[in-house]
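Subject: The structure I promised you

Hi,

Here is the structure I said I would pass on. Have a look at it first, then read on for what turned up.

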Protein chains: 2
Amino acid sequence: MAQSRIAIIGTGLIGTSIGLSLSGRKERNFEVVGADRDRANARAAKKMGALDREVGSLEEAVEGAGLVILAVPVMAAKPLLQEIGKLLEPGAVVTDVCSTKADILRWAEEFLPETAHFVGGHPMAGREKSGPEAASADLFKDATWAITPSPRADERAVDVVLGFVESMGAVPLYIDPAEHDQYAAAVSHLPLLLSVALFRMVRDSHGWEDAALLAGPGFRDLTRLASGDPTMSRDIMMTNRDAVLHWIGRIQQELSTVQKAIELGGEPVLDLFRSTQLDRDTFIMNPPTRRRPEGPEAPSAQDAMARLFVGGLYDKMKDATNRVTASRDDAELRRKLGMTDESRDR
Amino acid sequence: MAQSRIAIIGTGLIGTSIGLSLSGRKERNFEVVGADRDRANARAAKKMGALDREVGSLEEAVEGAGLVILAVPVMAAKPLLQEIGKLLEPGAVVTDVCSTKADILRWAEEFLPETAHFVGGHPMAGREKSGPEAASADLFKDATWAITPSPRADERAVDVVLGFVESMGAVPLYIDPAEHDQYAAAVSHLPLLLSVALFRMVRDSHGWEDAALLAGPGFRDLTRLASGDPTMSRDIMMTNRDAVLHWIGRIQQELSTVQKAIELGGEPVLDLFRSTQLDRDTFIMNPPTRRRPEGPEAPSAQDAMARLFVGGLYDKMKDATNRVTASRDDAELRRKLGMTDESRDR
C-alpha cells in the first residue's frame with residue numbers, strides 16, 4: 001500500500017507530462033501525488049488530470065512514496081534533496097529529469113540517506129512553451145531518456161526507473177554523468193545558446209522591425225529554444241559551465257571556417273553544404289541504434305509498469321537497453337554505470 | 001488565349017508547390033506549363049497534378065506565357081534570363097522566387113527586353129526536404145512573400161504578381177532589393193549557416209556516435225536548415241556575400257557576450273535568458289503587422305486570380321498591401337519601389 005505511490009515534485013511542462021502519462025494508464029496500482037512551489041501550477045496539473053492529489057508540502061508529497069520524481073530546474077534540486085533526505089521512506093527510489101547530471105549525482109550522494117536510492121534521469125524532450133498548460137501525455141514518446149544511476153543505487157532501484165522510463169514510451173540510455181554533460185552541452189545546451197544569440201542579435205539590431213517582417217519558419221525554428229524556461233537555462237549554464245564554454249569556443253572556430261570558405265567562394269562552399277546535407281540526412285534517416293528491440297524478448301511497458309512496485313528484476317529489459325552500449329565490455333559498462341568503487345574519482 | 005498561360009521554370013519544392021496551388025484552383029482560365037533542367041523533376045510535378053503540361057525546352061515553356069515564374073537557385077536564374085529574353089511574348093510578366101534579390105534585379109534589367117516586365121519575388125517559406133515530392137499546395141499559406149519590382153516594370157505587371165502572390169495564400173510585402181538582402185541575411189541566411197556549423201561541429205567531433213544518441217528535438221530543429229538544397233545555399237552565399245559576412249561577424253560578437261556572461265555567472269545570465277524569452281514570446285504572439293486586412297475592402301484571392309490576366313488594377317489590394325509600410329511617406333515608398341529615376345544608383 002504505502003509503496004503504491006508516486007510523487008512528482010515540480011509540475012511544470014515535464015512534471016505534468018509525466019503525471020498525465022502515469023495517470024492515463026488503464027490498470028494502474030498506484031496513486032500519483034504532486035507538489036509545486038507555485039501551488040497554482042500543481043492545481044492546474046491536478047485539474048488537467050495529471051495528479052490524483054495535489055499537496056501543499058514536501059512532507060505530504062514524499063510520505064509513503066516508493067518513487068519520487070524531481071521535475072525542477074537543476075539548481076532547485078539541491079535544496080530539495082536536502083529536505084527530502086529526512087522524509088523519504090526506507091527503500092524509496094528517487095529520480096530526476098534535470099538537464100545536467102554530474103552535480104545532482106553528487107548532491108544525491110551527499111544529502112540522501114543510505115536507505116534511499118538515487119537514479120538520475122534526463123528525457124531528451126521539450127517544447128517551445130513551458131508550464132503545466134503545455135504538457136502532454138505523449139511528450140516522451142520515442143525520446144531518448146538518459147539514465148545515470150548513483151553508485152549506491154541497488155539493482156531494484158535501477159529497474160524501477162527503467163520501468164518508469166519505458167512506461168513513458170521513452171527509450172532508456174545508460175550513460176556516465178560526466179559524459180552525459182559533455183555531450184548534452186554539444187547537442188542541447190549550445191543549441192540553446194545559439195537560439196538566444198541569434199534572437200538577441202536580430203532583435204537588438206537597428207533594422208529589427210523590417211527584418212521581423214521577413215522572418216519566416218527558418219528563423220522561428222532556429223530561435224525556438226530561446227523561449228524556454230529562463231531559470232532552467234540559467235541552471236544548465238551554472239552546472240555545466242566548462243563544457244558549455246568549450247563548445248562555444250568550438251562553434252566560434254566552426255563559424256570562422258565557414259566565414260573563410262564564403263570569402264574564398266566557389267567549390268569549397270558547395271562541398272560544405274553538400275557534405276553537411278548528406279551527413280544530416282543520413283543521421284535523420286538512420287539515427288544511431290537506440291530503438292527498443294522488437295519481438296518476444298522485449299518486455300512491454302505494460303509489464304514494466306505492472307511490476308514497477310513488485311521489485312521484479314527486468315533482466316530482459318536491461319539486456320535490451322544495454323545493447324546500445326554493446327561495443328563496450330562489461331567492465332567498461334560497469335565503470336560507466338559507476339558500479340565499481342575505483343570507477344569514480346570525485 | 002495566348003495570355004492565359006503560366007510558365008513555371010524549375011519544378012523543385014517551390015516550383016511544384018506553386019504549380020499545385022495554381023492547378024488546384026476551381027474556376028481557372030489559364031494553363032500551367034512547366035519545365036525543369038532535370039526532366040524527371042518536371043515529370044514528377046506533372047504526375048502530382050502541379051502542371052497541365054510538361055515541356056522539354058524553354059522555348060515551349062515560355063511561348064505564349066503571360067506570366068513566367070523562375071523557381072530555380074539564384075545563380076541558375078542568370079543564364080535563364082539571358083535565354084528567355086528573346087523568347088518572351090511582348091508584355092510578358094516575369095517573376096522569381098530566389099533567396100536574394102539585388103543581383104537578379106540587375107540581371108533582369110540587363111537581359112530582358114523593354115517589352116517584358118520583371119517583378120522579383122521571394123516567399124519566406126520552405127521545408128526540410130527539397131524536390132517536387134516534398135511540395136504541397138499550401139506551402140505558402142500566410143507566409144510573407146517579398147516583392148521587389150524592377151524600376152521598369154509597369155503597374156499592371158506589379159498587379160499581376162500581387163494577384164499571383166495573393167492567390168498562393170501568401171502576404172505580399174514590398175521591399176527594396178538591397179534591404180531585402182540585408183535583412184534576409186540576418187533572419188534566413190545566417191540561420192542556415194548556424195545550422196550547418198552546428199551540425200558539422202558535432203558530426204566532426206570525437207564523440208559523435210555517443211552525442212548523436214542524446215540528440216533530441218532541439219538539435220534536430222536547430223540543424224534542419226542544413227538539409228536544404230546545397231546549390232541554393234551556395235548561390236545565396238555567392239550573391240549576398242557581404243551581408244552574410246557582416247552577420248557572421250555580428251553573431252560571433254553576440255556569442256562572445258554570451259560566453260562572458262556565463263563566465264561571470266549569476267544574475268546577468270538569468271537576465272539574458274529572461275529578456276530573450278520575453279522578447280521572443282512577444283514576437284511570436286504579436287508578429288509585426290503583415291496580415292491581410294479583413295472585411296469587405298480586402299479583395300479575395302479568388303478575385304485576384306480571376307482578374308490575373310484581365311489587366312485589372314487592384315487598387316484596393318495595393319492599398320491593403322501598402323499598409324505594412326504605412327509609416328513611410330509616399331515618396332519614400334516610391335523610392336523603395338524604385339519608381340523614380342533618382343532612386344536607384346546602380
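In which handedness of crossing does helix 11 of chain A pass helix 7 of chain B? Before the answer, please keep in mind that this is a predicted model. The crossing is right-handed.

Let's stay with that pair for a moment. Helix 11 of chain A covers residues 241–264 and helix 7 of chain B covers residues 177–203. Their axes lie 9 Å apart, and the packing angle is about 120°. The two helices are therefore oblique to each other. On the chain A side, the residues making the contact are Arg250(A), Ile251(A), Glu254(A), Leu255(A) and Val258(A). Helix 7 of chain B answers with Leu193(B), Val196(B), Ala197(B), Leu198(B), Arg200(B) and Met201(B). Sorted by class, this contact has eight nonpolar and three charged residues, with no polar ones.

A second pair also runs between the chains. Helix 10 of chain A and helix 12 of chain B (residues 267–285) have axes that come within 9 Å and cross at roughly 145°. Here too the crossing is right-handed. Pro230(A), Ser233(A), Arg234(A) and Met237(A) of helix 10 meet five residues of helix 12 of chain B, namely Val269(B), Leu270(B), Phe273(B), Arg274(B) and Gln277(B). The class split for this contact is five nonpolar, two polar and two charged residues.

Now for the whole interface. How many residues of chain A are in contact with chain B? There are 79 of them, and they touch 81 residues of chain B. On the chain A side, two or more residues come from each of strand 7, helix 7 (177–203), helix 8 (208–214), helix 9 (217–222), helix 10 (230–239), helix 11 and helix 12 (267–285). Helix 7 of chain A gives the largest share, with 19 residues. By class, the chain A side has 46 nonpolar, 16 polar and 17 charged residues.

How do the two copies sit relative to each other? A rotation of 180°, with 0.0 Å of shift along its axis, superposes chain A on chain B with an RMSD of 0.0 Å. The copies are thus related as by a two-fold rotation axis. In chain A, Leu222(A) has the C-alpha nearest the axis, 2.5 Å from it. Of the interface residues of chain A, 100% are also interface residues in chain B, so the copies meet through the same surface.

Within a single chain, there are two more things to look at. In chain B, the axes of helix 11 (residues 241–264) and helix 12 come within 7 Å and cross at roughly 135°. That makes helix 11 of chain B oblique to helix 12 of chain B. Ala261(B), Ile262(B) and Leu264(B) of helix 11 contact Pro268(B), Val269(B) and Leu272(B) of helix 12. This contact has six nonpolar residues, no polar and no charged.

Chain A, meanwhile, is divided into domain 1 (5–176 + 293–343) and domain 2 (180–285). Domain 1 puts 16 residues into the contact between them, and domain 2 puts in 14. On the domain 1 side, helix 4 (74–84), helix 5 (102–111) and strand 7 (144–149) each supply at least two residues. That side of domain 1 has six nonpolar, six polar and four charged residues.

Happy browsing!

Note on methods:
Residues are numbered from 1 along each chain as its sequence is written. Chains are lettered from A and ligands numbered from 1 in the order in which they are written. This is a predicted model: local features need pLDDT of at least 70, side-chain atom pairs count only at pLDDT 80 or more; totals for chains, interfaces and linings use all residues. Domain bounds come from an automatic or database domain assignment. Two residues are in contact if their C-beta atoms, placed from the backbone, lie within 7 Å. Helices (H or I, at least four residues) and strands (E, at least two) are DSSP runs, numbered from the N terminus. Ala, Val, Leu, Ile, Met, Phe, Trp, Tyr, Cys and Pro count as nonpolar, Asp, Glu, Lys and Arg as charged, and the others, Gly among them, as polar. Axes are lines fitted to C-alpha atoms, for helices over the stretch in contact, and angles run from 0 to 180 degrees between N-to-C directions. Angles under 35 degrees count as roughly parallel, over 145 as roughly antiparallel, 65 to 115 as roughly perpendicular and the rest as oblique. A crossing is left-handed if the near helix is turned anticlockwise from the far one by less than a right angle, and right-handed if clockwise. Copies are superposed by least squares on the C-alpha atoms of residues with pLDDT of at least 70 in both.
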